[in-house]
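Reader: Could you walk me through one part of this model up close, at a pace that suits someone who spends more time at the bench than at a screen? I would love to begin with a single spot and then see how the surroundings fit together.

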Amino acid sequence: MRNKRILNWAGIAFIGLTYQACNIPTLPQKTENRAVPVSFNGSQDSTNTGKVSWKTFFTDPNLNALIDTAFKNNQELNITLQEIAISQNEIQARKGEYLPFIGLRGGAGVEKAARYTNIGASEATTDIKPGKETPDPLPDVNIAAVARWEVDIWHKLRNAKKAAATRYLSSIEGKNFMMTNLAAEIANSYYELLALDTQLAIIRQNIDIQNNALKIVRMEKEATRVTELAVRRFEAQVLKTQNLQYGIQQQIIETENRINFLVGRYPQPVQRTSQGFENLAPSVIQAGIPSQLLSNRPDIKQAELDLEAAKIDVTVARANFYPSLGLSASLGFQAFSPIYLARVPESIMGSLIGDLAGPVINRYAIRAGYANANARQVQAIYNYQRTVLNAYIEVVNQLSNISNLEKSYDLKTKEVDALNQSTTISNRLFASARADYMEVLLTQRDALESKFELIETKMKQMNAMVNIYRALGGGWN
């Protein structure tokens, strides 16, 4: 039933509506390029990775522990949970508006009427009972049960409750979308942290390699085969590489604390895998078919529910033009002295009043509210269209990104292998005086840069895997 409603709203959003009863612009009627495409890049496979639980999709236990902690402690997520509670309370408030209100009322007072008025003259010549004049001034004591009820003839109040319930469901989908983004952000930061660890290890390995090369250059200088200039250039290269590690260490601290903030805890080391980052393989992604986004992505379901609530709001605003029927009643005891309250039936009082009222003149405020409700409904339609379009584009972009990064990583791996071999060859040629020291320095620099780029490409691959999982609606279920 829910999938049917989702598909119905999809048709509404992409074909357009004409609101004949509302004096608002109609939506475009042309349907070209508005329907959801039938496939992602020609794929007809309905298997969708977005339906896989995040505990299954992410295989690293340390990463799963971080995500699980974030779902419990993240402050922004907890704020959203309180907003959901507020939305739930709003349902009860709207429900109370169409149910009868019953309460107790008690009061006491005194009234003195002027002698030369109808009431004053009547009281002066009337005895409360034979031989006892009416008190002057006249006290009044009462206690009664009172009830008020607006008869919901046009279902205005019930529809208001229905709109509140729909927005409550929308807030839940908003929370799910936040969980999706939170899981993706933690995963991306976690893989960035692993990449930084690997880059730091590469720097330290290169420092050892360059220190060995520096020893060789010093030996060559002692043998008068090179000058002091070569020694200084190699020393500068070693110092430059040593300096790189401090920048990486600072990035590691900042990335760890970004993760700590997301999981709602104070700065501390982040537990992570010691497995080689370069050996990680991105999970195989099945994008499914575009129409599955309508049921998988929480932001699309949220936009759909907002659209449904906006439609109900129009109905509520229209009902304000119609008359409203109200009933009020009271039943209790009333007397001029408390000692007479118990004298039944003389002290019993009761009332039953019905009133029918409707706007006749100066309905500008109602018309404005009605026009605003229609405008918000049109906004909700465009927001739904935008959300679906954005979801589709995100998936297509990430699928293309995964494909291009895979090709880039293969070429970058070959480049690193070639430069590693070049480093070995340049060192051997320099030792045999067949290569200049500048060739050795340039080769070492290029090898280090290519290794860094390879790790960055691997990190982009892992991030693309996370981002396509998020784009397909995974990460909250």
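Author: Happy to. Let's begin with H155, which sits in the loop between β4 and α6. Please keep in mind that this is a predicted model. The backbone at H155 has a phi near 60°, a positive value in a residue other than glycine. How much of H155 is open to the outside, as a relative accessible area? The value is 43%, and H155 therefore counts as partly exposed, since that class runs between 20% and 50%.

From H155 we can go two ways, into the strand on one side of the loop or into the helix on the other. Let's take the strand side. Strand β4 covers residues 138-151 and pairs with strand β1, residues 101-111, in the antiparallel sense. That pairing runs over eleven bridges. For a place to rest your eye, look for G107, which stands opposite N142 in β4. Strand β4 is also joined to strand β5, residues 324-335. Here again the two run antiparallel, with eleven bridges between them. A handy marker in this second pairing is V141, which stands opposite A335 in β5. Strand β4 thus has a partner in β1 and another in β5.

Follow the chain beyond β5 and you come to the loop between β5 and β6, where P345 is found. The peptide bond leading from V344 to P345 is cis, with omega near 10°. V344 turns up again in a nonpolar surface patch of about 450 Å², which V344 makes together with I143, L331, F333 and I348. I348 belongs to strand β6, residues 348-357. Why can I348 be part of a surface patch? Its relative accessible area is 42%, so I348 is partly exposed and passes the cut-off of over 30% that patch residues must meet.

Now back to H155 and out on the helix side of its loop. Helix α6 spans residues 156-222, and T166 lies in this helix. Is T166 buried or exposed? At 6% relative accessibility T166 counts as buried, because that value is under the 20% cut-off. Setting aside neighbours within four places in sequence, T166 is in contact with L305, E308, A309 and I312. There is a regularity worth knowing as you look along a helix: with 3.6 residues a turn, residues three or four places apart point the same way.

Helix α7 comes next, at residues 228-262. Its 35 residues reach 52 Å from the first C-alpha to the last, close to the 51 Å expected at 1.5 Å a residue. After α7 comes G264, whose phi is positive, near 75°. One residue to pick out within α7 is E256, whose side chain meets that of R272 in a salt bridge, 2.8 Å from N to O. The pair links distant parts of the chain, with E256 in helix α7 and R272 in the loop between α7 and α8, 16 residues apart. The two partners fall into separate burial classes: E256 counts as buried at 9% relative accessibility, while R272 is partly exposed at 23%.

Two more charged pairs are worth a visit. R297 and D299 form a salt bridge whose closest N and O atoms are 2.8 Å apart, and both R297 and D299 are buried. E394 and R470 form another, with the closest N and O atoms 3.4 Å apart. This pair also links distant parts of the chain: E394 is in helix α10, residues 364-431, and R470 is in helix α11, residues 437-471, 76 residues apart. Both ends count as buried, given relative accessible areas of 19% for E394 and 17% for R470. Elsewhere, salt bridges that share partners join R218, K221, E228, R232 and E235 into one network. The full count comes to 20 salt bridges.

Finally, let's step back to the whole chain. It holds eleven helices and six strands, and buried residues make up 40% of its 477 residues. Among contacts between residues at least 6 apart in sequence, 82% join residues at least 24 apart. The chain exposes about 26,600 Å², of which carbon and sulfur atoms supply 55%.

Conventions: Residues are numbered from 1 along each chain as its sequence is written. This is a predicted model: local features need pLDDT of at least 70, side-chain atom pairs count only at pLDDT 80 or more; totals for chains, interfaces and linings use all residues. Side-chain values use heavy atoms; hydrogens and water are left out. Patches are made of residues with over 30% relative accessible area and no salt bridge: like charges are joined within 9 Å, nonpolar side chains (Val, Leu, Ile, Met, Phe, Trp, Tyr) within 5 Å. Accessible areas come from the Shrake-Rupley method with a 1.4 Å probe; for residues, only the protein chains shown count as cover. A salt bridge is a side-chain nitrogen of Lys or Arg within 4 Å of a carboxyl oxygen of Asp or Glu. Helices (H or I, at least four residues) and strands (E, at least two) are DSSP runs, numbered from the N terminus. Buried means under 20% relative accessible area, exposed over 50%, partly exposed in between (1.4 Å probe, protein chains only). The expected span of a helix is 1.5 Å times one less than its number of residues. Two strands pair if DSSP finds at least two bridges between them. Contact means heavy atoms within 4.5 Å.
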